[in-house]
Amino acid sequence: MAEGVVSQRNWARSEEEMAAAPLPELTVAGPVVAGTPLRLYYLLAAKSVSGRLVIEEADGLRHELFCKRGVPEQARTTLPALGLLPWLAGRGILDAAAAARAEAALPQAGGDPVGALIMQGLIPPADLFGHLGGHGQAVLQRLLHCEHGRFTWDPEAAVPAGTFPLGEKWALLCAAGRSLGDDAVARRLGDRIDCPVMRAGDGLVPIERLGLTAHEARALSRFDGTRSLAQLAFEQQGEAAVIYRTGLFLAEIGFASFARAVLPRPTGAPLPGGGRAEAPAPPPPKQQRAAPPKQHAHVQQGAARSFASPPGRYPTDEPGLRAFLGELEGKNHFEVLGLPRAATPNLIKQAFFQRARAFHPDLAGAGGPEVRQLREAITARLNEAWSCLSDDARRHAYLGELEAGGAGKAIDVANLLVAEQLFHQATVMVKARRFAEALAELDRAVALNPDEGEFYAWRGYARFSASLDKRLARDEAMAEIEHALALNGRCAPAFLFAARIATVLGDADDAIKYYRRCLAVDETNLEAQRELRLLESRISK
């Protein structure tokens, strides 16, 4: 596509395209296309309804989800590989011989794999509870990733007895969105990566309830309706995968939308699924995260002692359970299980099963419905932690988020969105040479979102432009620009503003250097191209 050209697609919408649009309301039946299950789940959770969702794929596979007041309580599937016994064997919880024994005992157990496992004594009943939660989450994720078929929703269907929450409802939804593979993201986005992306919402749930990570919230703050996902990925290449996945996920549940125009795709922009626009090249090697440092035996034992209290020591009455649940608020997954971040997989398993046994909802006894609900809420939080930390890849990624300060703390999405609005107002003021007003807006934007490098670049340039003594203002402005580059090494405006400052002060060599670095990041920048040609022609003369 030629650069600088905005085209229009043929927007005569097919039946499939109409079906792919986010459902405005929860309906009893309809077609499944990519994104439908995520939107259905969102509506169930937002409206806090109870019942059964069934998805039947074109090849005959059937998946069921039972919800209680919007919280997933049980997920079932006919997919053989996701049967309980194959899943346990695949996770290494059952070896081949034990799985065969359980399979052989199914007729005696009435076809119930849980009964067969207990009958054969293959897994202690208390430990089996935790595995059932992990299995339910795996089936739920498979259901939410379905792309073709039909769905039915039955609000009258009773939730089976003995079920328990699979986790916190919004955390489970986001986990399903984050687990979409690169190929699925590329396929489901299609040519929407070149359409302007903007924030949206239906008013049912505030975006803050979803629990976005810092990276996801920053991506959302840039969805301003003027840039496409491809352009955003080009500008923030280190976060390209997060930008694409967040754009797709939020669009499918109804928190983002795409305009009809098609914007030019920047040359070299990273694409979802790998490769680069108009210049295919192998993606850079992924940086291997160092494995958590090994602990000495006495350190591991000390960590184990931190959570190895006998179940009787945990609260059992309503006030105690309520206080314990309150203590979990805002804690990261390791803290929820009473563990240090360097805990080994074995320690994580021990901690989870001990707490899962202690807070099992069936132990509510005569405590009444309030006690059971508190136990269910604690169990859901424990399951959420176990789901993440029991998987090596997800645990290492989560550790990376903790190190970056993006996990384990609440992200104020509202502040990020306000900061982005203030920033755009400030850029307009800078272009209108209203520098003092722009500085005030940029100060507010930085206070709300201190992690956005581009804010500092514009503030440094505005500060320099507002000053009467340019040489005196240079150091302070360049300090802001250097801070912007420390936060985002590919911030093209930072290089452009540094070049402008050097030009004003008569330092042609520095100006040429910064214009070249700007074009290395954004080769389409017309001002950098023009000014670099002028400076180089003057020097050549």
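Visitor: In what order do the 3 strands of the open sheet stand?
Guide: We're looking at a predicted model here. The pairing in this open sheet is antiparallel. Going across its 3 strands, the order is β8-β7-β9.

Visitor: Which strands stand at the edges, and why is one side of each left without a neighbour?
Guide: Look at how many partners each one has: β8 (224-228) and β9 (256-258) have a single partner strand apiece, so one side of each has no neighbour in the sheet. The edge strands are therefore β8 and β9.

Visitor: By how many degrees are neighbouring strands of this sheet turned against each other on average?
Guide: Direction is ignored for this one. The average turn between neighbouring strands of the sheet is 30°.

Visitor: What is the bridge partner of Met198 in β9?
Guide: Start with the strand pair: β7, residues 196-199, runs antiparallel to β9 and pairs with it over 3 bridges. On the β9 side, the bridge partner of Met198 is Ser257.

Visitor: Is helix α9 mostly covered or mostly uncovered, and how many of its residues are buried?
Guide: Helix α9 spans residues 214-221 and is mostly covered. Its buried residues are Ala214, Glu216, Ala217, Arg218, Ala219, Leu220 and Ser221. That puts the buried count at 7 of 8.

Visitor: What do the buried residues of α9 pack against?
Guide: One partner of the buried α9 residues is a strand of the open sheet, β7. The others are helices, so the full set is α7 (169-178), β7, α11 (240-253) and α18 (413-431).

Visitor: Is α13 roughly parallel or roughly antiparallel to α16?
Guide: Helix α13 (residues 318-328) packs on helix α16 (residues 369-389) with the axes 10 Å apart and an angle of about 25°. Angles under 35 degrees count as roughly parallel. So α13 is, relative to α16, roughly parallel.

Visitor: Which residues of α16 make the contact with α13, and is the crossing left-handed or right-handed?
Guide: The crossing of α13 past α16 is left-handed. From α13, the contact uses Glu318, Leu321, Arg322, Phe324, Leu325 and Leu328. From α16, the residues are Glu370, Val371, Leu374, Arg375, Ala377, Ile378 and Arg381.

Visitor: What share of the chain's accessible surface belongs to carbon and sulfur atoms?
Guide: For the whole chain, there are 24 helices and 10 strands, and buried residues make up 48% of the 541 residues. The accessible surface comes to about 25,200 Å². Of that surface, the carbon and sulfur share is 54%.

Definitions and conventions: Residues numbered from 1 in each chain as written. Predicted model: local features only at pLDDT ≥ 70, side-chain atom pairs only at ≥ 80, totals over all residues. Heavy atoms only, no water. Pairing = 2+ DSSP bridges. Helix = DSSP H or I, 4+ residues; strand = E, 2+ residues; numbered from the N terminus. Axes fitted to C-alpha atoms, helices over the stretch in contact; angles between N-to-C directions. Buried < 20%, exposed > 50% of the residue type's maximum accessible area, 1.4 Å probe, protein only. Contact = heavy atoms within 4.5 Å. Areas by Shrake-Rupley, 256 points an atom, 1.4 Å probe, with all protein chains shown as cover. Parallel < 35°, antiparallel > 145°, perpendicular 65-115°, else oblique. Left-handed = near helix turned anticlockwise from the far one by under 90°.
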